[in-house]
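Reader: I should like to understand how the terms used for a structure are justified. May we go through them in turn?

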Amino acid sequence: MSNENVFAAIDSALDIDRMVAACQEVVRTPSLSFEEGAVAQIYARHLKDLGFDTVEIDPNGNVIGVLSGEGNGPSLMVNGHIDHVPTGDMKDPFSGELVDAGRWGEVGTAIYGRGTCDMKCNVMASAYALGSIRKAGVRLRGDVVLVADVGEEVDSLLGVPSVIARGVRTDFGLNTESSRGQVHIGHRGKIDVEITVYGRTSHASEPGNGINAVFEAAPFLAELQNYATRMKDDDVLGPATVTLISMKSAPDNGTAVVPDRCVIRVDRRYVRGETTESCERELREILDGVARASSSFKYDLDVITHYPLMWVEPDNPVVLAALRGRESVTGQKNGVASWRFGVNGTFMCAAGIPTVGLGPGNEKWAHTPDEHILVDDLVEACRIWTRTIADVCGVASSS
């Protein structure tokens with residue numbers, strides 16, 4: 001059977017109505033980080049129904065399904081997370097309702113709710129894409145391992161990093177986080193830094209007897225704003241950034257006390273040519289400069305979180321396969337791009353699994369009260385994924 005006929009058979013085997021209903025089912029099941037147990041059971045059930053050869057929920061709650069190949073081709077890990085952020089003031093966040101996307105200036109029908117584009121529908125759709133390969137009677141040369149992982153929204157290592165650590169490895173990777181159907185080859189790295197500036201308490205009626213830690217921190221905040229204007233730029237990953245994300249003083253219990261601590265959290269996104277160490281060093285240089293100008297300025301700095309930079313070379317086989325798959329479905333020859341936020345594909349790359357990103361949905365709706373995903377985008381992504389997967393793993397036979 002020719003490739004054209006193979007993909008026509010796979011496309012026909014995709015049960016769109018059933019896939020959409022499955023997406024609605026998981027959206028209607030809340031799954032905050034580390035509360036994914038109920039939704040994990042739903043994914044596992046669907047994987048079994050779709051004909052995956054093995055399905056398990058590991059001790060950390062990650063769902064792992066394997067579509068076995070003949071064993072004589074490259075293997076591929078398909079990854080996405082099944083947790084979501086809090087709903088905030090989102091109206092009916094777990095409705096999973098089918099709505100007219102015209103309300104957002106888009107055309108077609110969308111699934112509405114928390115976790116639609118970020119990214120429970122993406123994960124379910126990728127499972128159905130793989131199921132359509134099996135249903136069409138197509139046998140791949142290499143294995144495909146679907147990892148639906150937990151805790152991504154809180155940067156947990158209990159998700160795909162733990163799966164890889166226990167020995168689940170493949171030759172290549174595909175991350176299905178929303179990318180507007182574009183082929184993404186990476187994202188910036190991030191360090192989350194906590195800086196504590198110290199003062200001395202006194203009664204608020206006698207502030208001169210103390211050292212107000214908030215006022216002590218003010219010169220650093222001014223220098224941080226200046227530092228933000230000197231960030232490097234990357235032609236693929238975009239500009240590096242730095243910003244304050246939280247600030248609190250202590251004691252802070254409503255009593256008349258001059259605070260002796262000001263705790264500041266800083267988000268620093270870095271690009272190629274920068275490292276965690278270089279970012280930390282630059283922040284310390286700013287703090288040390290403030291300390292030289294003021295003998296009362298004292299601080300501590302701790303790196304709380306490190307989310308690695310993700311990068312796969314544009315000519316890597318998995319990237320080229322994704323580009324070919326996208327072009328064959330859309331007719332477009334767009335080049336590679338990158339995410340502005342971080343995805344778990346970075347841990348796959350760090351483990352030596354070259355990973356490309358491609359997913360349905362517009363990432364601008366993630367974490368917003370208007371989160372949704374177009375049904376047409378899900379279907380198009382399934383068609384691109386199946387072509388990419390077949391390209392990477394190879395087709396052994398088809399009926």
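Author: Let us begin with one pair of helices: α1 and α10 are oblique to each other.

Reader: Why are α1 and α10 called oblique to each other?

Author: Helix α1 (residues 3-13) and α10 pack at an angle of about 135°, with their axes 10 Å apart. Angles under 35 degrees count as roughly parallel, over 145 as roughly antiparallel, 65 to 115 as roughly perpendicular and the rest as oblique. The angle of about 135° therefore makes α1 and α10 oblique. The model is predicted, local features need pLDDT of at least 70, side-chain atom pairs count only at pLDDT 80 or more, and totals for chains, interfaces and linings use all residues. Residues are numbered from 1 along each chain as its sequence is written, and side-chain values use heavy atoms, with hydrogens and water left out.

Reader: What makes the contact of α1 with α10?

Author: Phe7, Ile10 and Asp11 of α1 meet Arg383, Thr386, Arg387 and Ala390 of α10, where contact means heavy atoms within 4.5 Å. By class, this contact of α1 with α10 has three nonpolar, one polar and three charged residues. Asp and Arg count as charged, Ala, Ile and Phe as nonpolar.

Reader: Why are α4 and α10 called oblique to each other?

Author: Helix α4 (residues 116-135) and helix α10 (residues 375-393) pack at an angle of about 50°, and their axes are 9 Å apart. By the ranges already given, α4 and α10 are therefore oblique. The contact includes Cys121, Asn122 and Ala125 of α4 and Leu378, Cys382 and Trp385 of α10. The residues of the contact of α4 with α10 divide into nine nonpolar, four polar and no charged.

Reader: What makes β13 and β15 edge strands?

Author: The open sheet of four strands has the order β13-β14-β10-β15, with antiparallel pairing. Two strands pair if DSSP finds at least two bridges between them. The strands β13 (241-250) and β15 (298-307) each pair on one side only, and they are the edge strands.

Reader: How do you know that β10 pairs with β15?

Author: Nine bridges join strand β10 (residues 189-198) to β15, and the two run antiparallel. Against the requirement of at least two bridges, the nine bridges establish the pairing. In one of them, the partner of lysine 190 is tyrosine 307 in β15.

Methods: Axes fitted to C-alpha atoms, helices over the stretch in contact; angles between N-to-C directions.
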